[in-house]
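Q: Could you walk me through the ligand site, close up? I'd like to know which residues surround the ligand.

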Amino acid sequence: MSIGFFNGEFIDIDKAVIPIDERGHQFGDGVYEVVKVYNAKPFLIDAHLERFEKSASNISIKLPYSLDELKKLILEVIERSGIKDAEVYFQVTRGIAPRNHLFPNVEPSFTLTVKPARKVPEQSYEHGVQTVIAEDDRWAKCHIKSLNLLPNILAKQNAVEAGSFEAIFEKDGFIAEGTSSNVFVVKDKVLYTTPLTSNILPGITRAAVLQIAREKGIEVKEEKFTKDFLLNADEAFITSTSVELLPIRSVDGHLIGDGAPGAITKALHQSFKAMC
Ligand code: PDD
């Protein structure tokens with residue numbers, strides 16, 4: 001059963017509970033996280049909680065719970081829900097106050113939902129997905145997991161309307177990341193991914209994949225690369241909490257390699273699944 005939680009109370013997920021003056025609603029003035037649950041266990045929860053705290057502190061919000069309390073709450077909600085393969089989304093906002101850009105003197109709000117995990121169709125993993133390049137017109141602090149996702153939403157919508165799965169942002173001539181994923185490329189057996197700057201979200205899946213690759217003895221380069229480099233890659237894939245590792249079949253209609261998922265991509269995904 002899907003469950004919601006709002007400022008200290010478990011709620012029916014479909015019940016209208018968010019006041020109109022909630023700043024997440026009015027301004028998107030908050031940050032969020034999503035944790036995947038495999039067989040009733042939250043995956044890499046500590047890393048997600050740490051990133052949550054960092055995102056909040058980057059916008060001067062103090063979490064209303066300690067990370068230990070949050071972890072206990074998440075475990076409790078998973079158990080209550082009875083959902084084995086779930087996704088837990090949680091948000092903290094600057095709170096509920098009459099609309100005014102200035103920070104209000106109120107407690108932050110905290111919301112959480114647990115729902116069955118959405119599944120990417122198996123054939124997307126078997127054949128890879130189509131992607132398009134989009135101009136990165138987001139703000140300068142993409143390392144913060146902000147609730148403000150308008151550019152991501154618009155780019156994703158355009159991509160899907162054009163028959164693709166994901167849009168990949170290009171910033172100043174270099175590949176940044178997907179609308180809700182990080183991007184990897186394999187060229188001559190070397191694994192490349194965009195380095196961590198304020199241009200991209202420090203993906204938890206990204207970090208896990210880099211760790212797996214290093215353990216497997218695959219050479220890894222966290223270096224900037226261009227769209228041309230991506231188009232001429234032997235393999236490419238995106239990573240996120242929701243999709244894990246998803247092979248890229250094409251970019252702007254141009255096949256990557258022969259279009260089929262490559263050996264390194266498949267091996268990394270196998271190891272990742274074993275970790276989950
Ligand atoms: N999004 N980049 C962006 C812009 C993202 O929104 C995400 C994740 C990632 C991958 O991060 P991670 O591996 O930690 O999930 C990269 C999640 C899945 C979401 O918003 O639902």
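A: First, the naming: helices (H or I, at least four residues) and strands (E, at least two) are DSSP runs, numbered from the N terminus. This is a predicted model, where local features need pLDDT of at least 70 and side-chain atom pairs count only at pLDDT 80 or more, while totals for chains, interfaces and linings use all residues. Residues are numbered from 1 along each chain as its sequence is written, and side-chain values use heavy atoms, with hydrogens and water left out.

Now the site. The ligand is surrounded by 19 residues (a heavy atom within 4 Å), with Tyr-32, Tyr-89, Glu-177, Thr-205 and Thr-241 the closest. By class, that shell has 11 polar, 5 nonpolar and 3 charged residues; Tyr counts as nonpolar here, along with Ala, Val, Leu, Ile, Met, Phe, Trp, Cys and Pro, whereas Asp, Glu, Lys and Arg are charged and the others, Gly among them, polar.

Strand E3 (30-38), strand E9 (174-178), helix H6 (204-215) and strand E13 (235-240) each give the shell at least two residues. Domain 1 (3-116) and domain 2 (122-275) each put in at least three, going by bounds from an automatic or database assignment.

For polar contacts (N or O pairs within 3.5 Å; within protein, one must be able to donate a hydrogen and the other to accept it, and residues adjacent in sequence count only if both atoms are side-chain atoms), look at three side chains. Tyr-89 has a polar side-chain atom 2.5 Å from a ligand oxygen, Thr-205 has a side-chain N or O atom 2.5 Å from a ligand oxygen, and Glu-177 places a polar side-chain atom 2.7 Å from a ligand nitrogen. Alone, the ligand exposes 480 Å² (Shrake-Rupley, 1.4 Å probe), and the protein buries 93% of that.
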